[in-house]
Amino acid sequence: MSATTTPARDATDTHDVPRRRRQWGSERRSEPLPIVHPRPSTAKLTWGRIAITATCLFWLAYVVSSVVRHFLNDVGGFRFTMEALSYVTVVTALTFSALMYLVARQGALTRFRTHERVPRGLLDGHFDDSHDSLTVLIPSYAEEPDIVRLTLWSAALQEYPDLRVVLLIDDPPSPSDPVDRERLNATRGLIGDIEEAMAVPHARAAAAYGAAHRELGDAPFASSSQLAALAAEYRAAAEWLDHMADEEVVADHVAEFFVDQVLVGLASELRLSLLAIEAALDQGGQMSATRLRELHRRLTWIFGAKLDSFERKSYASLSQEANKAMNINAYLGLMGRSWRPTPSAEGTILVEVSASDAQAGDITVPGSEYVLTLDADSQLLRDYCLRLVYFLEQPENHDVAIAQTPYSSYRGAPTRIERIAGATTDIQHILHQGMTHHNATFWVGANAVIRRRALDDIVQIETVAGFEIRTYIQDRTVIEDTESSIDLAAAGWRLMNYPERLSYSATPPDYGSLVVQRRRWANGGLLIFPKFWAQRRSRAAAGIPIGWGEFTLRFNYMASIAWASFALLLLLFYPYDGRLLSPLVVGAALPYFLCMASDLHLSGHRRLDVLRIYGFNLVLLPVNLAGVLKSMQQAFTGEKIPFARTPKVRNRTAAPGLHVLVPYLVVIYALITAWRGYTHENWGNVAFALFNAVLAAGAIRAYIGVRNSLADMTMGVVNWLFVPVASPSPVTHKPDTPGPVDWEGILYHGDRRLNRDLRRKKDRRRRAASTTMTPPARRSSHARREGGVGLTSGRGPAH
């Protein structure tokens with residue numbers, strides 16, 4: 001396992017990709033926070049309780065002193081009464097969200113205070129005799145190959161006894177675009193490259209383990225020569241990792257994390273073990289034979305992962321729904337069985353065969369007790385799998401379905417918006433840890449170790465077009481992990497967040513890609529909450545009632561984006577009576593902002609980032625509202641919202657023009673409100689409006705950019721005015737010339753002419769009616785919708 005056997009990373013792979021220009025105000029720090037959270041002091045816990053109490057008291061004092069007093073005195077008439085009711089509702093909703101933040105935060109601090117890290121020796125001893133297999137599923141769609149490569153390596157280098165890594169490629173199997181085809185071929189080639197690279201160190205580690213096992217025999221202790229051989233293996237393994245790290249091309253802060261934390265971090269742990277082995281050898285210490293075997297076996301675990309890839313769109317019998325959930329469901333439904341690819345008129349289908357009848361060319365998909373789902377832009381630290389599976393296999397955790405570590409952000413973000421979005425991610429990491437304290441854990445889809453038996457408890461089986469479709473993870477909404485959390489809780493399972501930082505995921509680097517992500521996050525919570533509400537009686541009957549802490553935290557998690565968005569909209573654009581304003585409202589919000597500032601500092605960010613996050617939320621207001629309105633649309637229409645994947649590209653993603661325009665409207669209206677408040681000497685409104693205007697304007701400049709926003713708004717107008725001309729389908733033969741008979745299609749589908757003829761008759765009737773009833777001045781636009789006429793440059797129709 002010499003250093004020369006490590007395959008060098010081709011510099012041309014990433015040298016042609018330009019590094020994103022680092023902005024002023026971006027993050028200079030590149031090293032992540034410690035894996036184990038610092039133990040909070042008694043004073044910190046005490047101040048947390050004080051913050052919760054102060055929030056409740058300030059809100060109660062405001063309701064009593066400012067609202068009830070006005071009602072009792074009957075001041076202002078009907079309009080004032082309606083405004084007061086509206087204002088107190090808005091303040092109550094926002095205060096409730098702030099209170100839930102403080103409650104979750106307090107739970108996280110309590111967990112951090114009591115958490116003890118499991119020693120390495122216990123982990124090795126636990127997996128000594130028996131262990132269950134683990135399959136890592138990495139769904140990928142149109143991802144950059146170099147990003148997927150880092151994720152695959154971080155999963156393949158996990159220290160786990162029986163590990164299988166499967167890349168679920170969801171790209172069209174035969175793209176026509178040369179760029180897409182080149183990217184797909186590069187993604188397909190990753191598996192072979194990694195397997196080839198790991199074969200050399202694994203062969204050496206396996207040979208050394210076999211030799212040590214034979215030499216030890218029944219001896220209780222290892223000899224000095226065996227310790228020296230073990231030290232040589234650890235030194236060679238560390239050198240192999242160091243050499244690979246030296247050959248990596250660091251194109252961005254994500255690649256830097258991979259080199260420093262995945263490769264060099266693992267090498268450092270091996271060198272630490274090497275130090276102990278050499279010390280035992282120098283001091284004449286006796287190492288037990290069992291411990292020697294465990295240390296040798298550890299190297300075989302590190303380099304022994306099996307890698308594979310799967311493309312569900314190559315098989316017509318699998319679900320073709322365009323979302324991540326069904327990509328994972330398709331493979332889960334195949335696990336533990338053998339399948340024979342069989343040609344049909346519909347395309348290649350998979351037919352199940354027994355294991356004894358499996359032949360060459362058949363697909364055998366091994367089953368496993370545990371499944372790890374991992375996003376293609378995420379990375380795991382070295383002992384993620386080992387620690388989480390150990391946690392799941394403890395007797396007190398027999399009913400835990402999912403164990404995860406809520407992901408943290410990569411440090412060293414080159415753009416301001418990525419730095420602030422990463423700060424919100426790190427805050428969410430703390431809140432999710434606190435939700436576990438109240439049994440209100442939600443599955444965060446970037447990474448999770450899932451017990452397969454729990455998935456079997458929530459599976460839904462249906463037959464679609466004659467094929468069995470198994471749905472483990474519901475795709476009714478675009479936040480499929482949230483809905484699955486409710487399904488698992490209804491089946492009697494618990495979910496847990498492991499209180500360490502062991503996973504990291506990418507944060508969108510520009511406003512356009514962030515719009516796609518946050519709009520998806522805001523969509524679906526309102527649709528899922530009724531399912532959670534309906535579980536109250538069934539869970540109480542099963543002996544696992546929903547407590548107040550769990551209920552309020554889950555309710556806030558699923559619905560707070562909706563009420564917070566509308567509440568903020570009212571505060572920004574409705575001119576409330578100045579008599580409703582009170583310092584008590586500020587007092588109710590102050591503990592929230594102070595605690596968030598403290599949490600940002602705890603997470604390695606700046607305390608003043610709390611103000612930047614406020615401005616960040618102002619520019620995201622139209623994004624959150626769009627997601628909420630999409631949920632309402634789905635509730636009324638019953639149609640699923642298409643799953644929009646977050647773009648993971650190094651160049652800028654354009655944002656919708658309307659989402660860029662609204663933040664400017666916020667600034668303009670805030671300035672108008674400030675001027676109106678000044679003329680009426682309503683100083684409270686003046687202060688609040690100026691506060692919003694300054695922070696929103698600063699957020700536009702920092703996170704969107706004036707030049708980029710003008711370009712996006714211009715393109716939004718252009719895309720709205722101009723409609724591309726539909727290209728006519730090429731005619732390969734005369735209509736009256738019969739083509740070859742699709743005999744396979746006829747035998748497979750039967751008679752499909754009836755439905756086709758009915759559709760044609762309906763289209764003819766619709767065209768005849770539109771020609772008769774449509775006014776002449778509007779016929780060109782109607783014809784354009786039918787596909788016959790298009791606009792080219794706005795000067796008139798072109799045929």
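Arg539 sits in helix 17 (residues 536–541), where helices are DSSP runs of H or I with at least four residues, strands are E runs of at least two, and both are numbered from the N terminus. The model is a predicted one, so local features need pLDDT of at least 70 and side-chain atom pairs count only at pLDDT 80 or more, while totals for chains, interfaces and linings use all residues. Residues are numbered from 1 along each chain as its sequence is written, and side-chain values use heavy atoms, with hydrogens and water left out. Arg539 counts as buried because its relative accessibility is 4%; buried means under 20% relative accessible area, exposed over 50%, and partly exposed in between (1.4 Å probe, protein chains only). Setting aside neighbours within four places in sequence, Arg539 makes contact (heavy atoms within 4.5 Å) with Asn439, Ala489, Phe532, Ile544, Pro545, Ile546 and Glu550.

One of those partners, Asn439, lies in the loop between helix 12 (416–437) and strand 11. Its relative accessible area is 32%, so Asn439 is classed as partly exposed. The phi angle of Asn439 is near 60°, a positive value in a residue other than glycine. Most residues other than glycine have a negative phi. Ala142 also has a positive phi, near 50°, and belongs to the loop between strand 1 (134–140) and helix 5 (145–156). With a relative accessible area of 31%, Ala142 is partly exposed too.

Past the Asn439 loop comes strand 11 (residues 447–451), and here five of five residues are buried. Both faces are covered: Asn447, Val449 and Arg451 are buried on one side, and Ala448 and Ile450 on the other. In a regular strand the side chains alternate between the two faces of the sheet. Strand 11 runs antiparallel to strand 7 (residues 370–374), and five bridges join the two; strands count as paired if DSSP finds at least two bridges between them. Within that pairing, Thr373 stands opposite Ala448. Strand 9 (residues 400–404) also pairs with strand 11 in the antiparallel sense, this time over two bridges, and Ile402 has Ile450 as its bridge partner.

Elsewhere, three strands make an open sheet in the order 8-15-10, with mixed pairing. Its edges are strand 8 (378–380) and strand 10 (408–409), each of which pairs on one side only. Strand 10 runs parallel to strand 15 (residues 503–505), with two bridges between them, and Ser408 is found opposite Tyr504 of strand 15. Strands of a sheet pair through backbone hydrogen bonds, either parallel or antiparallel.

Val449 turns up again in the largest nonpolar core, which has 82 residues; Val449 is listed with Ile138, Leu152, Trp153, Leu157, Tyr160 and Leu241 as touching the most other members. A nonpolar core here is a set of buried Ala, Val, Leu, Ile, Met, Phe, Trp, Tyr and Cys residues joined through side-chain atoms within 4.5 Å. Helix 8 (residues 253–282) supplies the largest share of this core, twelve residues. A second, separate core holds 58 residues, among them Val515, Leu553, Leu600 and Ile700. In soluble globular proteins, nonpolar side chains tend to be buried together. As for Ile138, its contacts beyond four places in sequence are Thr151, Leu152, Ala155, Val165, Val166, Leu167, Leu168, Leu374, Asp375 and Ala376.

Not everything nonpolar is tucked away. Leu526, Phe566, Leu629, Met632 and Phe636 form a nonpolar patch on the surface, with about 490 Å² of accessible area together. Such patches are made of residues with over 30% relative accessible area and no salt bridge, with nonpolar side chains (Val, Leu, Ile, Met, Phe, Trp, Tyr) joined within 5 Å and like charges within 9 Å; a salt bridge is a side-chain nitrogen of Lys or Arg within 4 Å of a carboxyl oxygen of Asp or Glu. Helix 21 (residues 621–637) gives the most to the patch, three residues. Leu629 is in helix 21 and, at 47% relative accessibility, counts as partly exposed. His680, in the loop between helix 22 (657–679) and helix 23 (683–704), counts as exposed because its relative accessibility is 61%.

Overall, the chain has 27 helices and 17 strands, and 51% of its 799 residues are buried. The exposed area is about 37600 Å², 59% of it from carbon and sulfur atoms, with areas taken from the Shrake-Rupley method using a 1.4 Å probe and, for residues, only the protein chains shown as cover.
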